[in-house]
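This report describes a ligand site, the domains of the chains and one helix residue. The sequence and the structure are shown below.

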Amino acid sequence: MDFNDTPEQAAFRSEARAFLSANATLKSESVVQQETEAEYLVRARAWQKLKAENGWACLNWPTEYGGRASTPMERIIWGQEEGKFEVPTGPYAIGLGMCGPTMIAYASEEQKREHLPIMASGERIWCQLFSEPSAGSDLANLRTKAVRDGDDWVINGQKIWTSGAHYSDWGILVTRSDPTQLKHKGLTFFFLDMKSPGVEVKPIKQISGASNFNEIYFTDVRIPDAQRLGAVGEGWKVSITTLMNERLAVGNAGGPDVPDLLRLAATTDIDGEPALNNAAVREKIATWHCQRSGLKYTNYRTISALSRGGVPGPENSITKVVSAAKQQDLASFAMDLMDMGGILREDVEDKFLNSYMGAPGYRIAGGTDEILRNIIAERVLGLPQDIRLDKQVPFNEVPQSS
Amino acid sequence: MNFEFSDDQNLLREQAQGFLQSKCPLETVRAVLEGDQAYDTALWKGITEMGWTATTIPEAYGGIGLGHLELCVLAEELGRSLAPVPFSSSVYLATEVLLMCANEAQKQAWLPGLADGSIIGTFAIAEGGKAPSRHNIETRVADDRISGCKIPVPDGDVADFSVVLACDGDQHSLFLVDLKDPGVTKRVLKSIDPSRSYAELNFDSAGAELLGEAGAGFALTDALFDRAAILFAFEQVGGAHASLEMAKAYALERYAFGRPIASFQAIKHKLADMYIALTLAHSNCYYGAWALSTDASELSLAAATARVSATEAFHECSKENIQTHGGMGFTWEFNCHLYYRRAKALALNLGSLTRWKDKLVTQLEESNKLANTN
Ligand SMILES: Cc1cc2nc3c(=O)[nH]c(=O)nc-3n(C[C@H](O)[C@H](O)[C@H](O)COP(=O)(O)OP(=O)(O)OC[C@H]3O[C@@H](n4cnc5c(N)ncnc54)[C@H](O)[C@@H]3O)c2cc1C
C-alpha cells in the first residue's frame, strides 16, 4: 500500500500542475463571477480547446481520436489536479464522459476519426437523448419510434430532461424499433446531428430558475442507417455501455464541501464565538468529512482495481448516493449558520444557496438515490430483483401510467 | 499509488481467516460471553503460536518485525470473528506504547514476553464515567509508588502489567506497573460485552516505573490512541462486515408474504445503506493503515477519520442486523447481540464518538492545506 506517487506519476502530476497554474485560477483564489450561459459556453469552449492543443483532453482516449492514451492512474491524477482549479468543464461532461466512450465502443473506424477528435477539442458538444416522459428510472420503457425507410430511419416521439441539448451539436439516441418484442428487445441506438430537420428543442425551467435541460420533439427526423450503433434491436446493450460510463462520469456531486463549511464556520459567530467552536457544528463537520474522505479513498481503491485491469463496477454507485445527499445537507446547514441572513440570495456565500437548489437534481439525474440503492442491493449484495410485471410480455402489452 | 494490500498481506489474511474460522466460531465467543473465563485460552495459545502477538515487535526483542499493515490485516479478521482474547490490550496498546517510548531496559524486560504471549499487557487511563482529562485524573505517583483507582481497564484482570496514566506532582506521566505487586488489587467488572473482560485496578502504593518522558503522559496517550484507533477501526470494520453478511444471509432465507424478505425494497435499501457505511469506513481505514505504516504527518487526522467512520459503520450494521432478523434478532439465542455488544464496547474503548469527532475537527483546523486538498 502506497499513497505516494511513483517518480513517473510525480513527473506527470507536476507537468499537469504546471499547465494548470499557467492557464487557470485555483478554486481557493477564484471569485464567483456572474455571467450568462453564452459567456460561460465561450469560456468552456476555450478551455477545452486549450486542453486539447496541449494534450490534456480526454486523457484515456486513444491518441488517434484526440486523446492521450493515458493510464487510469494518470487520468485520476489529472482529475485531482484539474479539480483544484476553477475551470468550466460542465458542458462537456456528458459528451466526453458518456457519448464518446459509446462511440469508441460501437462506431465505425471512419466515424470515430470524423467525430471524436472534434469532440475532444470541444468544437462539438454532444448530449444524451435517453429519458422520456414515461421512461426515466425505467429507461427501457421508452417509446420514441424508429421506423426503417430505405437507407434511413424515421424517428418520431419525445425525449425529455436532455441536459445541454439547446447548445449541443450532436447527440446519442435510443429508440424503439419494434414494440411487439419484449421491452428490452426491440430497441435501436443511433447518433444524430441535432440540426437534423424535425428536431425541436424546448428548454425547461428548473427549480433554480435556470434552464439547463430540455424537451426534444422528433417529427419525421431522418437518420441514416450508417449512424446506427450496434445491431437493430440491440439498443439496450449499447445503452448499458453508456450507463456504465455514466457511473464514472457522474461521480462526485461537487459544490461547496467541508473546506468551504470550515471557512464559513470559522468566520460566522454564534453568540460572540466562532460557530466552529460550537459542538453541534463540529459534530456535523466531522460526519461530512468522514463521508468525503471515505469517498475519496473508495475512489482510490476503485482506481487501483482499474489499473489492474478491472472494470468499473456497481460499487461506484456509492459515490453519487453519498455525495448528493451530503451536498444537499451541507448546503442547508451552511445556510442555517448564516441564520436569518441565509435567506438572502445577494449574500456573498450564495454558492451554498446554489448548491442547495442544485442538489435535488443531482439526487435524481443519472439514476435516483433509490435506483442506485437497488443497484447496490442487487448487483453488489446479490439480493433478489423486485417482482416485475413487465418482463414476460411484449412491450405493447406492458401496464403503463394512464 | 497503490491502495491495495500486497499479495503477501492477502495471503496472511487468508491464513488468519482459515485459522479463525476453525478456532473461533461464534460458539467460542458465546462460551466466553456466558461463562466465567476472561478469555478463550486455547484460542489465545493458538494466536500466540502463530506469532500474531509478535507482529510488530523487532527481532531483537523476540518479535518478527513485520509492519503495521500486517497488523491491520489481523485486526480486521480478529474483529470479524469477535475473537474473545486480550489481543487488542496486549498488542495495540501495551506493545505499541512500549515501542513508542520505553527505554532499552524496559523493552528487554517486557517485549519478548509480549511477543511470545507469555505476558499480557494493558493500558489504564479511565477513572469511571467521565472523559479523562488534566483536570480529573486522581491516580497519583510519588516516590515511584502509585495509588488510585482505574476503572474500567480492558483485560485488567488477566494482564501481567499495565501502563498507567497518573498525576505526577503537577504534571501527568505514564508509568509501568507490575500487576503482581502486592499493592495492586483487581476486581472483575460486568460490562456491555462479556465476551471481553474488564477490571477495576486499585493501586495502594504499588511500585511504578516512569515510562517515556516525565510530563508527557497526555501527549503520549494521544499519540498511542491515534495508532490504536486505526487498529481498532479495522476490528470495527471486520465486525461490521460480519454483521452485514449475517443480515444478508437471513434476509435471503427468511420468507414473508410468499417471498424472501430480501426482495422487499425496505430491506434491500437497509442493507445497501449498511454496505455504504461499511465501504466508506473501510476506505478510511485503508488511509489510516497507510498513515500508520508510514508515520505520515496526517496520522492524527487519518486516525480520527477511521475511528469515527468505523464506529458509526459498526453501530449501523450491528443494529440493523438485529432489525433485519425481527423477533429472532432480539433473542439471547441468536448471535446478533454479540455484534451489537462488541460494537458499543469498541465505540467507547478509546473515548466516546463525540470526543473523536471533536478531535477530528481540531485536526482539520490544524491542517491549513485544506483549501487545496480534494
Ligand atoms: C438535472 C437533471 C439532468 C438530467 N439530464 C439528463 C440527460 O442529459 N439525458 C437524459 O436522458 N436524462 C436526463 N435526466 C433524466 C434522469 O435520468 C431521470 O430524471 C431519472 O432517471 C429519473 O427518472 P424520472 O424523472 O422519470 O423519475 P421516475 O423514474 O418517475 O421516478 C420518480 C420517483 O420514483 C422512484 N422510483 C422509480 N422507480 C423505482 C424503483 N424501481 N424503486 C424505487 N423507487 C423507484 C424514483 O427513485 C423517484 O423517487 C436528467 C435529470 C435531471 C434531474
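## Ligand environment

In this predicted model, the shell around the ligand comprises 19 residues, and the closest of these are A:S131, A:S137, A:W161, A:T368 and A:E370. Both chain A and chain B contribute residues that surround the ligand, so the site is shared between chains. Classified by residue type, the shell contains 7 nonpolar, 11 polar and 1 charged residues.

Two secondary-structure elements of chain A, β3 (152-163) and α11 (369-380), each provide at least two residues of the shell. At the level of domains, residues of the shell come from domain 2 (127-234) and from domain 3 (251-380) of chain A, so the ligand lies between these two domains.

## Polar contacts and burial

Which distances separate oxygen atoms of the ligand from polar atoms of A:S137 and A:E370? For A:S137, an N or O atom in the side chain is 2.6 Å from an oxygen atom of the ligand. For A:E370, a polar side-chain atom is 2.7 Å from an oxygen atom of the ligand. The backbone is represented by A:F130, where a polar atom lies 3.1 Å from a ligand oxygen atom. Of the 960 Å² that the ligand exposes when taken alone, the protein buries 66%.

## Domain arrangement

Chain A is divided into domain 1 (7-88), domain 2 (127-234) and domain 3 (251-380). The C-alpha centres of domain 1 and domain 3 of chain A are separated by 23 Å. Between these two domains of chain A, 4 residues of domain 1 are in contact with 5 residues of domain 3.

The division of chain B gives domain 1 (7-118), domain 2 (122-215) and domain 3 (218-373). In chain B, the centres of domain 1 and domain 2, taken over C-alpha atoms, are 22 Å apart. The contact between domain 1 and domain 2 of chain B involves 21 residues of domain 1 and 21 residues of domain 2.

## Residue B:A266

Is B:A266 buried or exposed? Its relative accessibility is 61%, and because exposed means over 50%, B:A266 counts as exposed. The residue belongs to helix α8 of chain B, which spans residues 265-294. B:A266 and B:E235 are 31 residues apart in sequence, and the distance between their C-alpha atoms is 28 Å.

Definitions and conventions
Residues are numbered from 1 along each chain as its sequence is written. Chains are lettered from A and ligands numbered from 1 in the order in which they are written. This is a predicted model: local features need pLDDT of at least 70, side-chain atom pairs count only at pLDDT 80 or more; totals for chains, interfaces and linings use all residues. Side-chain values use heavy atoms; hydrogens and water are left out. Helices (H or I, at least four residues) and strands (E, at least two) are DSSP runs, numbered from the N terminus. Buried means under 20% relative accessible area, exposed over 50%, partly exposed in between (1.4 Å probe, protein chains only). A residue is near a molecule or strand if one of its heavy atoms lies within 4 Å of it. A polar contact is a pair of N or O atoms within 3.5 Å; within protein, one must be able to donate a hydrogen and the other to accept it, and residues adjacent in sequence count only if both atoms are side-chain atoms. Accessible areas come from the Shrake-Rupley method with a 1.4 Å probe; for residues, only the protein chains shown count as cover. Ala, Val, Leu, Ile, Met, Phe, Trp, Tyr, Cys and Pro count as nonpolar, Asp, Glu, Lys and Arg as charged, and the others, Gly among them, as polar. Domain bounds come from an automatic or database domain assignment. Contact means heavy atoms within 4.5 Å.
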